[in-house]
Amino acid sequence: MKNYKILALKYRPQDFKDLIGQEVLSKTITNAIKVGKTPNAYLLTGIRGVGKTTTARLIAKALNCENNVSKKNNCNPNNFCDSCRDITESRHIDVLEMDAASKTGIDDIRDLIENSKYSPTSASFKIFIIDEVHMLSKQAFNGLLKTLEEPPPSLKFILATTEVKKIPITILSRCQRFDLKRVKIDQIFNHLDEISKKEKGNISSKALRIIAQVSEGSVRDGISLLDRAITFQNANSKNEINDQDVRNMLGLADKSKVINILKEVLEGNSSKAVDILKELINHGIEAKNFLNDVLEVLSLMNRKLSLGSIKNDKILPEEEINLINQISNGISIEDIGLFWQFTIKTIDDLKIINDEEITLEMYIMQLAHLKGMNTSLVESSKEEITNHNELKKEIIKEEKDFKENNTLKIKSQLKNTDQVKNKAIEQPKLKTAEPVKIKINSFEDIVKLAIQENEIELKYDLERNVKLVSFKNGTIDISFNEKLNKNFIKILTEKLYSWTGERWIISLNKKIGEKTIFERKNESRNKIINEAKNNKKIKMLLEAFDDANLINVQKDDEK
Ligand SMILES: [Zn+2]
């Protein structure tokens, strides 16, 4: 790991021309410097590794370049003026770099401001580069603000940050802001390819492509990974580094395995799918990477279904493209949409669930289940269509009877809500042998159905271990406690499907939902008890007997 950083440093851009992916920004900044219209403070924002510090140094060079003043010749990496050379080597006396991540206090800023009062020693400008400026303390920002408001003419600030939202608006309004973009995969790929050739790295184009992809827009990350791959190769053998080597190095799944898992899922072989998954887990894949791969394959399947066969994808080899083309025949656009949503949801779930392995296993089985439900829906729909109209009439009539019946009962027993609920449950069951679809309008309806259908465990979970975050027809968002049955979602999805004939999406949410049904029942009972305690007769009773306590209140008709 000795040369881990070397390539990234070696290929750090020394000239705006070398700064890839930021062409517009480079041009704007250099043109402004040429005509002498420069701001007192620059603010550079962008994700880590995108080139903020590098850009800051390039700006410093351009501002202080001796050739700018004399205009004799153009400065370039092969023929730097003294100023440019000193900045490149980080030893320019008038260019000071400070990392706000380690120096956040007012004292650090005070030193800097004190220093700013003196004119530059050798260059045109004194330049302060403050990296990760959002880390400064409030006091430090206030200290800085005074200087930013009235800066000496020969003082320039270059601030860089990954988190622009954390910077006070008073500071922002005194800077000229430049947003560095994520560099495109193709640009990173070409850049890595060039470096790899210069370094005589024996690495396949597919392998480079993977590195470019996982760099997520950061040139520095890309170069560091390339460095690692080349070091890895030198340590092992002189063979070419191929895509599989890079996948192993990065903990990425072999995409053909991901495609095969989806294939098994679509063919209904969930146990085979789980077997392949376990193989990948043994190879040390990361759950998030795996799920992102699934998303990528799904998007390709979607493309195949909407636009026809996929050809010539730059990312995937031909065999894999063929496999995707083939398995896409077994899925509908709707299913892809469903899978997509569910995958994104699972990526989110990873933040709350500790065990990645269980999450992934559960995910695969749920996918198979989602697909299975859709298939059976298609098969049974043929039969259903013929009976549909009669059935519909029957349901409407039964629903009407049910409602009328219920309303009467509610009116007669208005004061006792518990009992109304019990009576409602005692209603004659809708004929369960036929595929009668029940309408569910609320979370409470589900609890009622669970009681009605004798799903004791489900009822228990629904009442005690689950908090409702939001309820829409077809989607339920819940938060839960650690006691919740592991198969809860699976069971509930199945039950909801068999009750309503519709696919419901149940998702876990980190938000704290409303109180559990159990908690609410307890509260209302306590309220009744407290009210009763104020009753004169009961008060007398409680006072007469020292150890007496009121623990329950029952209405007469509740016996
Ligand atoms: Zn120069």
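Which residue takes a positive phi just after α15? In this predicted model, local features need pLDDT of at least 70, side-chain atom pairs count only at pLDDT 80 or more, and totals for chains, interfaces and linings use all residues. Residues are numbered from 1 along each chain as its sequence is written.

The residue in question is G308, with a phi of about 90°. Helix α15 (helices being DSSP runs of H or I, at least four residues, numbered from the N terminus) covers residues 287-307. Its 21 residues should span 30 Å at 1.5 Å a residue (1.5 Å times one less than the number of residues), which agrees with the 30 Å between its end C-alpha atoms. Among the buried residues of α15 (20 or more other C-beta atoms within 10 Å of their own, with C-beta atoms placed from the backbone) are F290, D293, V297 and K304.

V297 also belongs to a second, separate nonpolar core of 28 residues, which includes A253, I261 and I324. Such a core is a set of buried Ala, Val, Leu, Ile, Met, Phe, Trp, Tyr and Cys residues joined through C-beta atoms within 7 Å. In the largest core, of 58 residues, I158, L159 and I211 touch the most other members.

Confidence is expressed as pLDDT, on a scale from 0 to 100 for each residue. The protein chain has a mean of 81, and 83% of its residues reach 70 or more. Helix α19 (residues 417-426) has the lowest mean among the elements, 39. Over residues 377-391, pLDDT stays under 50; it also stays under 50 over residues 406-434. Where pLDDT is low, the predicted coordinates should not be read in detail.

Technical notes: Buried ≥ 20, exposed ≤ 12 C-beta atoms within 10 Å, placed from the backbone. Helix = DSSP H or I, 4+ residues; strand = E, 2+ residues; numbered from the N terminus. pLDDT = per-residue confidence, 0-100. Contact = placed C-beta atoms within 7 Å.
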